[in-house]
Amino acid sequence: MKKIIYLILLISLLIFSYFYFINKDEKSILSKLDDINEEFYIDDYKIFGTHFNISGCIDKKISNESKIVLVSMDDETDIESTFDITENKSCFYLSSKNNEGLYLDDLKRGSYLLLVKEINNQDVKYYTLNNKTNYSSLEYYTITKNNENNKININFESIKNKNYVKIDVVKSKLTDDNYDITIDPGHGGNDVGAIGILNNQKYYESDLTLEIALLLKQELEDLGLKVKLTRENDVNIDYYGDGGRAVIPNEVNSKYSLSIHLNSAQGIMSYGGVEVYTPNDVNLEFAKILAKNISNIVGYSKKPTDKLTNGVYFNYFTKSDIEESNENLKEDGMEPYDIKEGSPYMYMIREVGGVSTYAYQDGRNIEYGLNKYYNSNKTAEPYLIEMAYINYDDDLNQLINNKELFAESIKEAVKEYLNIS
Ligand SMILES: [Zn+2]
């Protein structure tokens, strides 16, 4: 008899808890949503590396006291954003930098709605967001930390005739075909890359990049990261098509792509040093850490062109580059591309970053093949690292004798930037 009474008490307590704790929170969020009857239209959104960006507008003037909020069942968080408000149009965006915006790896598990919150003196009003782009939902796995990942789904849902951006964060292991980071050892096979000579011995870029990439893979795996190499042997691989080195980083959903090369310049070099090439429109933090760490081995490059800051470079299409590229294509009987002035020049940056980096290899020239992620709004954040000059003796000496230092310096940069303990 006593047991039954205890059991009834326990069940009552559970039912009470459910209504008191869970239902209360649901009510508080749903009551907020009941008052919503206007929406912004989304004109762009993307995931680049570990960050989510979104922008949208509404055809009316709203209060300057407006912001973007992430609303969960029991909490509301402000998201850093910028509003441009004119007489008959109001627009917002999270960041003009591709690798800023909402840092996905920081989101706690749960469900969220992304809303616009307008504050007018004492009045508070919420707006929903309606996806008017040609893109649909996105799936993202966070960087592996302590052997754990979250899976994030960004969906566009219609609930009671209102359109929402819904973000669900759940605990989930990385599936077999998902990786944290892709390392691309430049060149390979019959493409040996640049050549250096020391003590009458020849050294090939393709060999040195592979050796350092294999060491780096081990270093990053020791941190718990899942690492994909574009090649593990001395083979030449295409840039595009299935298994292409510019395709792999997105094929395996990696968050970062590091392409590893060695520099070379004509004539006798009076300097060596590191050059880290970045995508367009990015916060330079990661590139700076990479460059600084590698500079401890070989110094910063003294190359003045394309330089953003010590060791950090951005190589882009000028108007004459575009004309030249398209003239060459025409001479070879191929179709010209729609290249944007100021967009990244290097394949392993431009094509890996999809729409964010103005990729254009859409398969119109069969000779090149197709980058099937050229138009993707979810891509890896790519960097190309010219670690040192293979035709500068001091640098080559370090490359031959201290390979592990290069691998370690890149690992330390990844560890610092991604905050891995
Ligand atoms: Zn190279």
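This report covers two domains, their contact, and two asparagines with positive phi.

## Domains

The model is predicted. The domain assignment of the protein gives two stretches: domain 1 spans 35-171 and domain 2 spans 181-417. Their C-alpha centres are 33 Å apart.

## Where the domains touch

Domain 1 brings 19 residues to the contact. Domain 2 brings 18 residues.

On the side of domain 1 that touches domain 2, two elements give two or more residues each: strand 1 (39-48) and strand 10 (138-141). Strand 1 supplies the largest share, 4 residues. Sorted by class, this side of domain 1 holds 8 polar residues, 7 nonpolar residues and 4 charged residues.

## N147

Strand 10 also leads into a loop, which runs to strand 11 (150-159) and holds N147. The phi of N147 is positive, near 65 degrees, and N147 is not a glycine.

Is N147 buried or exposed? The cut-off for exposed is 12 or fewer other C-beta atoms within 10 Å. N147 has 8 such neighbours, so it counts as exposed.

## N199

N199 is the other asparagine covered here, with a positive phi of about 50 degrees. It too is a residue other than glycine. Its place is the loop between strand 14 (195-198) and strand 15 (201-204).

N199 has 7 other C-beta atoms within 10 Å, and therefore N199 is exposed.

Conventions:
Residues are numbered from 1 along each chain as its sequence is written. This is a predicted model: local features need pLDDT of at least 70, side-chain atom pairs count only at pLDDT 80 or more; totals for chains, interfaces and linings use all residues. Domain bounds come from an automatic or database domain assignment. Two residues are in contact if their C-beta atoms, placed from the backbone, lie within 7 Å. Ala, Val, Leu, Ile, Met, Phe, Trp, Tyr, Cys and Pro count as nonpolar, Asp, Glu, Lys and Arg as charged, and the others, Gly among them, as polar. A residue is buried if 20 or more other C-beta atoms lie within 10 Å of its own, exposed if 12 or fewer, and partly exposed in between; C-beta atoms are placed from the backbone.
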